[in-house]
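Student: I would like a close look at one part of this model, followed by a walk through whatever else is worth noting in it.

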Amino acid sequence: MRVLDAQLNGIAMDNCEIHTRCRLCREGDLKTCLCLSHPPRNISRLLHHDELKSDMPIDLNVYECRECGLVQLAQMPEPFFYDDYLMTTSHSAQMRIFQEDQASDFIQRFGLSGNRVIEVGCGDGNYLEYLQQAGANVARIEASSRFQVWARERGFEVFSGYVSGENAIPEAPWDGFVTRQVLEHVPDPNGFLQGIRASLRSSAVGLGEVPSLEQSLDGYRFYDFFTDHVNYFSTITLRYALERNGFEVIEISRGMGGEYNVVTVRIAQAFEFTGLQRIVGTLAEEIGAFIASYRYAGKPVAIWGAGGKGVAALAVANIREIAYVVDTDQNKQGLFTPVSHFPMVAPNMLERAPVEAVIITALAY
Ligand SMILES: [Zn+2]
């Protein structure tokens, strides 16, 4: 993980160590990577005249986790800040095209037309219309009372509140989710992602979007760091956040000219061991029956190959009644297989004491 170039004009770097734990991995110490003097306490709100006297700039320190690399602020957003926030991007024609294309691609690519898709937070809500135009049955969960009203006036179903580990999304399970420009605001990204995951079908997919840390660094954009954003995700830390909370990343890319890191995910599936467990018994039965069919006729059977996998299979499958095991490795000849205790012999034994059948255990080939 790169840190911001210390040569940035007018920005002092300090080397002070802040021993605050990372909000994502919860293990790493935080090191200072950027110090800004005089930023506003809140960039989303302009002031009335009677507020000027009490308004003061703050010092803003940006940190990087030594373990997982997440760039973050140590402080939390102001309490209840998002209850009444206002963020609109729909005035930009370029943005509208980007969002409309992105929503359409997401719904079509994953066959979500006719399925239930929940949007978690974010802005003026045009995105709900784009998802709906693409064929999804949409709803939103939203903390801002202003945007709840906006969306309801347009006929969308809206749930109020924040998503967390304790607060799953109502009317779950959902077939898909979209959360755009939200994760960077969330003080507990693990709880947020776990709340979403708990609200989904096991087959669900999702689309996430955050401002790109890479873009901020590449453009020396110190003004991208402000109190509203408590997390700054690179593609690496975005992937890490999702994977540690039960998602499998399908694709991560840069969108909107590199401004955003955009990710599509599905729920990570547990490994399936049932079939493997079943084959243990099946293999033993099949080989046992094969050997028995020869033995009843008085015909001996040998095994070819005593590599590690073959030896393990013979033991676990509980193979008995074998004449010997042939192996070309002279270091093995004269020894015995573990558990099954078959003698290891050279290939010429097949001429000296012929058998009727040979089971080949070259399992990796
Ligand atoms: Zn960390």
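Which residues form a nonpolar patch on the surface, and how much accessible area do they have together?

Tutor: The model is predicted, and what follows should be read as a description of that prediction. The nonpolar patch on the surface consists of Phe-271, Phe-273, Leu-276, Ile-279, Val-280, Leu-283 and Val-316. Taken together, these residues have about 730 Å² of accessible area. Helix α7, which spans residues 274-295, supplies the largest share of the patch, namely four residues. Leu-283 is a residue of helix α7 and serves as an example of how a patch member is graded. Its relative accessible area is 35%, so Leu-283 is partly exposed. The reason is that this grade covers values between 20% and 50%, whereas a patch residue needs over 30%.

The zinc site comes next. Four cysteines donate to the zinc ion through their SG atoms: Cys-22, Cys-25, Cys-65 and Cys-68, at 2.2 to 2.3 Å. The angles that these donor atoms subtend around the zinc ion run from 102 to 119 degrees, and therefore the arrangement is tetrahedral. The test applied is that all angles of four donors lie between 85 and 135 degrees. Along the sequence, the spacing of the donor residues follows C-x2-C-x39-C-x2-C. The site thereby links distant parts of the chain: Cys-22 sits in the loop between β1 (17-18) and β2 (30-37), and Cys-68, 46 residues apart from it, sits in the loop between β3 (59-65) and β4 (71-73). Both Cys-22 and Cys-68 are buried.

From the metal site, turn to the charged side chains. There are 14 salt bridges in the structure. One of them joins Arg-140 to Glu-119, with 3.1 Å from N to O. This contact connects strand β6 (residues 137-142), which holds Arg-140, with strand β5 (residues 116-120), which holds Glu-119; the two residues are 21 apart in sequence. Arg-140 and Glu-119 are both buried.

Another salt bridge pairs Glu-209 with Arg-180, and here the closest N and O atoms are 3.9 Å apart. Glu-209 belongs to strand β9 and Arg-180 to strand β8, so far as location goes, with their positions 29 residues apart in the count. Glu-209 has a relative accessible area of 2% and is therefore buried; Arg-180, at 4%, is buried as well. Glu-119, Arg-140, Glu-142, Arg-180 and Glu-209 are linked in a network of salt bridges.

Strands β8 and β9 are also connected by Asp-175 and Arg-201, whose salt bridge brings the closest N and O atoms to 2.7 Å. Because Asp-175 lies in strand β8 and Arg-201 in strand β9 (residues 200-211), the contact ties together parts of the chain 26 residues apart in sequence. The two partners differ in grade: Asp-175 is buried at 14% relative accessible area, while Arg-201 is partly exposed at 39%.

Strand β8 appears again among the aromatic contacts. Eight aromatic pairs occur in the structure. One of them is formed by Phe-159 and Trp-174, with 6.2 Å between ring centres and 70 degrees between the planes, an edge-to-face geometry. Phe-159 lies in strand β7 (residues 157-160) and Trp-174 in strand β8 (residues 174-180), 15 residues apart. Both rings belong to buried residues, Phe-159 and Trp-174.

The backbone has a few points to record. Most residues other than glycine have a negative phi, and most peptide bonds are trans. Against that background, the peptide bond from Ala-172 to Pro-173 is cis, with omega near 5 degrees. Pro-173 is placed in the loop between β7 and β8. Gln-181 has a positive phi, near 60 degrees, without being a glycine. Its location is the loop between β8 and α4 (189-197), and its relative accessibility of 11% makes Gln-181 buried. Met-256 likewise has a positive phi, of about 55 degrees, and is not a glycine. The loop between β11 (247-255) and β12 (260-267) contains Met-256. With a relative accessible area of 17%, Met-256 is buried, because the limit for that grade is under 20%.

Key
Residues numbered from 1 in each chain as written. Predicted model: local features only at pLDDT ≥ 70, side-chain atom pairs only at ≥ 80, totals over all residues. Heavy atoms only, no water. Donors = N, O, S within 2.8 Å, 3.2 Å for Na, K, Ca; no water. Tetrahedral: all angles 85-135°; square planar, octahedral: opposite > 155°, others 65-115°. Buried < 20%, exposed > 50% of the residue type's maximum accessible area, 1.4 Å probe, protein only. Patch = residues over 30% accessible without salt bridge, like charges linked within 9 Å, V, L, I, M, F, W, Y side chains within 5 Å. Areas by Shrake-Rupley, 256 points an atom, 1.4 Å probe, with all protein chains shown as cover. Salt bridge = Lys/Arg side-chain N within 4 Å of Asp/Glu carboxyl O. Phe/Tyr/Trp six-rings, centres within 6.5 Å; stacked < 30°, edge-to-face > 60°.
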